[in-house]
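Trainee: I'm new to this one and would like a close look at a single part, with enough of the surroundings to place it. Could you walk me through it?

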Amino acid sequence: MISLTINGKQYDVDVSTDTPLLWVIRDTIGLTGTKFGCGLQQCGACTVHLDGVAVRSCGVPVSSVGAKKVTTIEGLSAASSHPLQLAWIAEQVPQCGYCQPGQLMSAAALLAKKTKPTDADIDAAMSGNICRCGTYQRIRRAIHRAAGA
Amino acid sequence: MAKTISRRIFLKVSATGGALVIGGYLPGLHETGTAEAASLFEPNVWVKIGADDSITIMLSQLEMGQGVMTSMPMLVAEELDVDFKKIKTEWVPADPKYGNPNFGGAQLTAGSNSVRGMWKVLREAGATARAMLITAAAQTWSVADNTLNTENGEVVHRASGRRMRYGSLVDRAAALPVPKTVSLKSPKEFRLLGQPTPRLDIPEKVNGKAVFGIDVKRPGMLTARVVRCPVFGGKVESFNSDKAKAVPGVRQVVKISSGVAVVADNYWAASKGAQVLDVKWNEGPLANLSSVEIMKKYAVLAEQTGKIARNNGDAPAAVKNNSRSFERVFEVPFLAHACMEPMNCTADVRADRCDVWVPTQGQTASHEAAVAASGLPGKAVNIYTTYLGGGFGRRGEADFVTDAVETSKAVGKPVKVVWTREDDIQHDFYRPITYIRMWGAIDGSGKPVAFMQRMVQQSLMKRLGPLPPDGVDRISVDGSATLPYDIPNIRVEFIETDPGVPYGFWRSVGASVQGYVVEAFIDELATTAGKDPYQFRHDLLSKAPRHRAVLDLVAEKSGWGKPLPAGHARGIAVMEAFGSIVGQVAEVSVTNGAVRVHKLWCAVDTGWVINPDTIKAQMEGGTLYGLTAALKGEITIQNGRVTQHHFNDYQMIRHNDAPEVEVHIVPSTETPGGIGEPSTAIAAGALVNAIAAATGKRIYKLPIRPEQLRG
């Protein structure tokens, strides 16, 4: 049994220790907002927070999580109230929407660190998240909006 | 070798009849908003009005980010005069009565055909309901129909100011005959259409609640990964599943038509099992195929005259007899779609029924594939659709449906098949590789007198059915045969061949090649003639006023001709694609062969507008899809297999190199055009022309490599 704290709730899961956190979240816990895009940490669709730091959950073996608190898109806020979620709606960011949970989690980790990120900060923090629909400029606008810029 | 898809779709439409219930939305996982009112007014299949004032609008076109879940009901709501914030939507079952007229009644979301195919049907549906509600109120008040108006879900008697809610009229309206004809509003009367309207799907796409195909869960469901032959068309000769079955969680290993499916309790176990599975392949006749050799063969084929797609004047003579004539050769590669959501499908095949949950662009094609794979009669097969994590043409195929239905049938349990990213990139239906010869001529005064094209390509049209008697694939020459420029001698030729690589519809399809090739060549004609590329096009568009207006607008908005920072240069392009006219200007700089795209301007005339912000979003995103292909996209084939594996060797534009796209919509009352694809088609054209302006180097081969621009 491995103990995990996800979105403030404790789970004891019986999985092989090499299972990536992504698949524990999706298949074992059943939270499907965190997406599978590549499995090699190249696209960012699976981004979650470990103690507030954005990580690619497809590359994190569940055994390495330990006591770190996991936050997924479902735990980002109650009732979609995070400033980034509100900004995402205001800027009408998502198209297909598949990458957006990962984009939001990367952006939330950035804002937690830098309350007024520059475009260069956004490039540095967000370039691991691919959006095939090409919503990048709206994501940038939404991050600035959420930062109150 | 690719199976014909839509021909089967067309046959299916006539065969299904009205009895089938396929399509629809995931039961229990999505609020369908069905009116539960005691009385219900259903004047047609598209709208239901309840006695409780509920307005339910049916959705047939599938949502992959292009905004149809919002724009389709807006068409109904405009004519019905209801508050759009209060409407509910419901996904429809597959049934010919919900089909798209642009696909002969099949249910398919492709080719920028949602608005183009459905606008009239949906507006008439709303207008019919409104007319009947007016008649019902007129009878109630004993007044003439033409003394009444409607607004926000109420009928209003103009003279007295009396009002009745639609809900209070449903019983009386339902008893009326359905009018045979209704008049539609003129664009000037629109209250909702043309207003930026928040998309209905966005709230659940920011909190993880949106359900995509990969998120489907069914009781007792297993998860499978399929091990496929790396060579196109290869088959399983034998396999040993001992090691795979030894992986904890792996339940069964079964042979299906696309390979061997490792079926497990969850994805990770299936994946580990797949990695240790021993398969011996019969690689088949394509094991020596290479994209380099394919292109060499195409060059030889291009020595011959092709089938004539367009012929004005005598272009070969004009080229031959003119001292300022030249020939250029263009090459474009195979491209994968690379949807962010890997292909997947969930199927539950029982003895007497088959249920399928799938992110698809085509309910009809998915149904067809599930019927074939399950062996069950059509009426026993149910297709439920979800949101699509990208489509771009890839999800118009149904190979993933076949995977899931065959696997579920083999193991007797519900199974979700999930593709890996490698599977997705290596087993796609690719945008076909293309070889194009272009000839042009300029006369003594600097006017172009000849434009000639000969293209060699797999026939996209053959995926839909046979080529027409003239042998010309109109999809492949979309953008060249439709050349808008006033040039006296024009000839476009098409040569079809098929090396066996699976190919299909990739966002903007034939125009994805022609937007680049035609506009790059026109640009070279302009500079050869010593003309400004914008002015040259403007002068040649005297007979194409919509093109000219778009060109002028994008030139004005981009500051065409005004000074730029040192090292920066602009390129321009204009074309018609999918019924819309699109113009683009790119501003770039090139440093040691590395291209930096600073900004893009886009102008579009897409006819009267439904949701302007959706148009802007599609122009922005479509442009980046085209830029990604031009700057990075190439699928190569060696030894019958795709060389690329992943996002590291099949790269995407990311945040740090994504330019801003500034979009301007031309006010228009023309019939609506498509909006999902035109900006993808034109992106490479404006880009390579800007690169030529910056460096003096023309790009004849995509993708653009730094080596082409150094030295």
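Trainee: In what order do the five strands of the open sheet in chain B sit, and how are they paired?

Mentor: Keep in mind as we go that this is a predicted model. The order across the open sheet is S15-S23-S22-S21-S16, in chain B, and the pairing is mixed. At the edges you'll find S15(B), residues 307-312, and S16(B), residues 325-332, each of which pairs on one side only. Neighbouring strands are turned by 10° against each other on average, if you ignore direction.

Let's start from the S15 edge. S15(B) is joined to S23(B), residues 489-496, by five bridges, and the two run antiparallel. If you want a spot to zoom in on, find B:Asn311, which stands opposite B:Arg491 in S23(B). As background, strands of a sheet pair through backbone hydrogen bonds, either parallel or antiparallel.

Now look at what lies against the sheet. Helix H7(B), residues 291-301, packs on it and touches S16, S21 (434-442), S22 (448-457) and S23 of chain B. The direction of H7(B) makes about 40° with that of S21(B). Helix H12(B), residues 511-528, packs on the sheet too, touching S16, S21 and S22 of chain B. For H12(B), the angle with the direction of S21(B) is about 25°.

While you're in chain B, have a look at another strand, S18(B), which covers residues 354-358. Five of its five residues are buried, so to speak a strand that is mostly covered. Both of its faces are covered: B:Cys354, B:Val356 and B:Val358 are buried on one side, and B:Asp355 and B:Trp357 are buried on the other. That split fits a general pattern: in a regular strand the side chains alternate between the two faces of the sheet.

S18(B) has partners as well. S17(B), residues 344-349, is linked to S18(B) by four bridges, with the strands running antiparallel. A hairpin of four residues leads from S17(B) to S18(B). S18(B) is also joined to S19(B), residues 381-385, through five bridges, and here the strands run parallel. B:Val356 is a handy landmark for both pairings: B:Ala347 stands opposite B:Val356, and B:Val356 in turn stands opposite B:Ile383 in S19(B).

Time to zoom out to the whole of chain B. There are 17 helices and 29 strands in it. Its radius of gyration is 27 Å, close to the 27 Å that the globule rule gives for 711 residues, so chain B is as compact as a globular protein of that length. Along the principal axes, its C-alpha trace spans about 80 × 75 × 50 Å. Of the 711 residues, 58% are buried. If you take the contacts in chain B between residues at least 6 apart in sequence, 77% of them join residues at least 24 apart.

Chain B also touches chain A. The contact takes 46 residues from chain B and 43 residues from chain A. On the chain B side, the elements giving two or more residues are helix H6 (267-275), helix H15 (612-632) and strand S29 (660-665). H15(B) gives the most, with six residues. By type, the chain B side divides into 24 nonpolar, 12 polar and 10 charged residues.

That brings us to chain A itself, which has five helices and five strands. Going along the sequence, you meet them in the pattern β-β-α-β-β-β-α-α-α-α. The radius of gyration is 15 Å, close to the 15 Å that the globule rule gives for 149 residues, so chain A is as compact as a globular protein of that length. Its C-alpha atoms fill a box of roughly 45 × 25 × 25 Å along the principal axes.

Chain A is divided into domain 1 (2-74) and domain 2 (83-146), with 20 Å between their centres, taken over C-alpha atoms. Where the domains touch, 15 residues come from domain 1 and 12 residues from domain 2. Strand S3 (47-50) and strand S4 (53-56) of chain A are the elements that give two or more residues to the domain 1 side. The largest share of that side, three residues, comes from S3(A). The domain 1 side is made up of seven nonpolar, seven polar and one charged.

Definitions and conventions
Residues numbered from 1 in each chain as written. Chains lettered and ligands numbered in written order. Predicted model: local features only at pLDDT ≥ 70, side-chain atom pairs only at ≥ 80, totals over all residues. Rg over C-alpha atoms; globule rule 2.2 N^0.38 Å. Buried ≥ 20, exposed ≤ 12 C-beta atoms within 10 Å, placed from the backbone. Contact = placed C-beta atoms within 7 Å. Nonpolar A, V, L, I, M, F, W, Y, C, P; charged D, E, K, R; others polar. Pairing = 2+ DSSP bridges. Axes fitted to C-alpha atoms, helices over the stretch in contact; angles between N-to-C directions. Domains from an automatic or database assignment.
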